[in-house]
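Please look over the sequence and the structure shown below before reading on. The report that comes after them is meant to be read with the structure in view.

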Amino acid sequence: MKETISTKIIKWFYGIHGPLDEYRRNELNRIGNNIAIFLLSINLLLSFIASLLMLSTNNSELTLDIVVSVLLLTVFASLGYILYETKRHHLTEIDVEAKQEGKIKQKFIKRAIVLEIYFAIVMYGLTILIDWLPNRGALIPLLTELKLESAELQ
């Protein structure tokens, strides 16, 4: 049976290899429901705290810093919970026969190399974007010139 796009996305997001059977789907639904309840309650609490901060201090920068920090912490906590639960329930384990072990290792090595290249490109792009945003000057020189930052220049 051909997998739907939603099944492929679920398997990719949770790191599941192999078939998405009823047990895995039920566990993923439970994990997703727990995270949704956690995020909803944190967002409601965060909205209330942000409203109180804005009314009492009228400092929008402080409020924004707190909101962004809490949102990042909740994202990392949610991802940590996903990793913990998927490992605890053995949802991401791969059943490999001995004769297929070499092929599977090569597949994952290739995948790791592609992800490393992707990560390097994204980080390079984000660095350029962070350098460009404050002064909004020419973007082309930031893309082409190499920065050498060292203690010798100071």
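What follows is a description of this structure, beginning with the whole chain and then turning to single elements and residues.

## The chain as a whole

The model is a predicted one. The protein chain holds five helices and zero strands, and from the N terminus on its elements run α-α-α-α-α. Of the 154 residues in the protein chain, 16% are buried. The accessible surface of the chain comes to about 12,600 Å², and carbon and sulfur atoms account for 67% of that surface. When one considers contacts between residues at least 6 apart in sequence, 52% of them join residues that are at least 24 apart.

## Helix H2 and its buried residues

Helix H2 takes in residues 22-57. At 1.5 Å a residue, the 36 residues of H2 should span 52 Å, and because the C-alpha atoms at its ends are 51 Å apart, the expected and the modelled values agree. Which residues of H2 are buried? They are Arg24, Glu27, Leu28, Ile31, Ile35, Leu46, Ala50 and Leu53, and the buried residues of this helix pack against helix H1 (5-14) and helix H3 (60-88).

Arg24 deserves a separate look, since this residue of H2 is buried and yet has no salt bridge. The nearest side chain of opposite charge belongs to Asp21, at 4.3 Å, whereas a salt bridge needs a side-chain nitrogen of Lys or Arg within 4 Å of a carboxyl oxygen of Asp or Glu. Leaving aside the neighbours within four places in sequence, Arg24 is in contact with Ile16, His17, Gly18, Pro19, Leu91 and Glu93.

## Salt bridges

Side chains of opposite charge can pair when their charged atoms come close. The structure holds five salt bridges, and the table sets out three pairs, each with the distance between the nitrogen and oxygen atoms.

| Positive residue | Negative residue | N to O distance |
|---|---|---|
| Lys11 | Glu3 | 2.5 Å |
| Arg30 | Glu27 | 3.0 Å |
| Arg88 | Glu85 | 3.3 Å |

In the pair formed by Lys11 and Glu3, Lys11 is buried, with a relative accessible area of 12%, while Glu3 is partly exposed, with a relative accessible area of 31%.

In the second pair, Arg30 and Glu27 are three residues apart in helix H2, so they are separated by about one helical turn. An α-helix has 3.6 residues a turn, so residues three or four places apart point the same way. Arg30 is partly exposed, with a relative accessible area of 29%, whereas Glu27 is buried, with a relative accessible area of 14%.

In the third pair, Arg88 and Glu85 both lie in helix H3, three residues apart, which is about one turn of the helix. Arg88 counts as partly exposed at 43% relative accessibility, and Glu85 counts as buried at 4%. Salt bridges that share partners join Glu27, Arg30, Glu85 and Arg88 into one network.

## Two loop residues with positive phi

Two residues in loops can be described together by their backbone angle. H2 is followed by Asn58, which is placed in the loop between H2 and H3. The phi of Asn58 is near 55 degrees, a positive value in a residue other than glycine, and Asn58 is exposed, with a relative accessible area of 62%. His90, for its part, is placed in the loop between H3 and H4, and has a positive phi of about 55 degrees although it is not a glycine. Is His90 buried or partly exposed? With a relative accessible area of 47%, His90 is partly exposed, because exposed residues are those over 50%.

## A nonpolar patch on the surface

The last topic is a part of the surface. Leu115, Tyr118, Phe119, Val122, Met123, Leu126, Leu129, Ile130 and Leu133 form a nonpolar patch there, with about 850 Å² of accessible area together. One of these residues, Phe119, is found in helix H4, which takes in residues 101-132. Phe119 is exposed, with a relative accessible area of 52%.

Terms used:
Residues numbered from 1 in each chain as written. Predicted model: local features only at pLDDT ≥ 70, side-chain atom pairs only at ≥ 80, totals over all residues. Heavy atoms only, no water. Helix = DSSP H or I, 4+ residues; strand = E, 2+ residues; numbered from the N terminus. Buried < 20%, exposed > 50% of the residue type's maximum accessible area, 1.4 Å probe, protein only. Lys, Arg positive; Asp, Glu negative; His and termini not counted. Contact = heavy atoms within 4.5 Å. Expected span 1.5 Å × (residues − 1). Patch = residues over 30% accessible without salt bridge, like charges linked within 9 Å, V, L, I, M, F, W, Y side chains within 5 Å. Areas by Shrake-Rupley, 256 points an atom, 1.4 Å probe, with all protein chains shown as cover.
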